[in-house]
Amino acid sequence: MRLRSDCAAVAISGLIGITSSVSAAANGELRVCADPNNLPFSNSAETGFENKLATMVAKGLERSLSYTWWAQRRGFIRNTLKAEKCDVVMGVPSEYEFVETTKSYYRSTYVFVSRQDQHLDLFSLLDPRLHRLTIGVHLVGDDGNNPPPAQALGQLGIVDNVRGYSIYGDYRRADPPARLIEAVEHGEIDIAAAWGPLAGYFATHAKVPLTVTPIKDSERFAPQQFQFAISMGVRKGDHALRDQLNAFIDAHRSDIAALLRSYGVPLVDMAVTASGGHP
């Protein structure tokens, strides 16, 4: 989740454009860079939605599929795509400057997650109840690159009642970022502000009903501050693979949207539903 949940909040430095590399896809293989412990996005059992999407892409391009596994922490791009161990990352922010990005294939949003039995129905960071509720957010580190909800709460002076959960977490446990949503489930915090794909998936699998509500602020904060388009990423200069992926995305948008919805991903830019939407 980390590239998506950070949504450009974390800058992975040191990536230099590479134009001389020839993608292995030209030789009949789709080599994917992925995290082996990062549901709902990917894992080594290949049960994440990015794994399923990679399978769809490989089939559509008539390629065999292989993975280079690496934890999505700092150095992920440097040690995978830049090192030419693999050729595509299945999910990066569409404006991610360190890779060549495809067309976006979905757009999601940060959301609030709360227990259904609390009936909070909260959708704005300007809601005065946030001054007294215990709020959980993902934290990246001490370098000022925390995700948008954490930054916005700090700007509003809502600090003392905020609990931080590391986006990286304890990698010895399955899917470390899930701890934030589990804290809501177990009643450790009242509400979480989290990246939608992660929140939607783990809320769906919680043992108690959880409510997932897109953050919709239009007064002090623009909605776009909490919404991000997601693309696939290839090495700088690998226009051939980028164009093949773009053609696949254009031809399979409805199939991709159906896959994302099946994982509980809140999608925006389509008819309003309880969990968002996407065309």
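## Overall character of the model

The accessible surface of the protein chain amounts to about 11,800 Å², and carbon and sulfur atoms account for 49% of that area. The structure is a predicted model, in which the protein chain has eight helices and twelve strands. Of its 279 residues, 55% count as buried. Among the contacts that join residues at least 6 apart in sequence, 76% link residues at least 24 apart.

## Confidence along the chain

The average pLDDT of the protein chain is 87, and 85% of the residues score at least 70. Two stretches fall well outside that description: pLDDT stays under 50 over residues 5-22, and it stays under 50 again over residues 270-279. The model nevertheless has 51 contacts beyond four places in sequence for residues 5-22, and 23 such contacts for residues 270-279. Where pLDDT is low, the predicted coordinates should not be read in detail.

## Asn 37 and its polar partners

Asn 37 belongs to strand 2, which covers residues 37-38. With a relative accessible area of 12%, Asn 37 is buried, because that value lies under the 20% cut-off. A polar atom of the Asn 37 side chain lies 3.2 Å from the backbone oxygen of Tyr 171, and a polar atom of the same side chain group of Asn 37 lies 2.8 Å from the backbone nitrogen of Asp 175.

## Helix 2

Helix 2 runs over residues 49-60, and its twelve residues reach 16 Å from the first C-alpha to the last, close to the 16 Å expected at 1.5 Å a residue. The buried residues of this helix are Phe 49, Glu 50, Asn 51, Leu 53, Ala 54, Val 57 and Ala 58, a list in which Glu 50 and Asn 51 appear beside residues such as Leu 53 and Val 57. Just after helix 2, Glu 62 takes a positive phi of about 55°.

## Nonpolar cores

In soluble globular proteins, nonpolar side chains tend to be buried together. Here the largest nonpolar core has 69 residues, of which Leu 125 and Leu 130 touch the most other members. Leaving aside residues up to four places away in sequence, Leu 125 touches Phe 112, Leu 130, Ala 152, Leu 153, Leu 156, Ile 158, Ile 215, Asp 217, Phe 221 and Phe 226. Apart from this core lies another, of ten residues, which include Phe 76, Leu 81, Tyr 96 and Phe 98.

Definitions and conventions. Residues are numbered from 1 along each chain as its sequence is written. This is a predicted model: local features need pLDDT of at least 70, side-chain atom pairs count only at pLDDT 80 or more; totals for chains, interfaces and linings use all residues. Side-chain values use heavy atoms; hydrogens and water are left out. pLDDT is the predictor's confidence in each residue, from 0 to 100. Contact means heavy atoms within 4.5 Å. Helices (H or I, at least four residues) and strands (E, at least two) are DSSP runs, numbered from the N terminus. Buried means under 20% relative accessible area, exposed over 50%, partly exposed in between (1.4 Å probe, protein chains only). A polar contact is a pair of N or O atoms within 3.5 Å; within protein, one must be able to donate a hydrogen and the other to accept it, and residues adjacent in sequence count only if both atoms are side-chain atoms. The expected span of a helix is 1.5 Å times one less than its number of residues. A nonpolar core is a set of buried Ala, Val, Leu, Ile, Met, Phe, Trp, Tyr and Cys residues joined through side-chain atoms within 4.5 Å. Accessible areas come from the Shrake-Rupley method with a 1.4 Å probe; for residues, only the protein chains shown count as cover.
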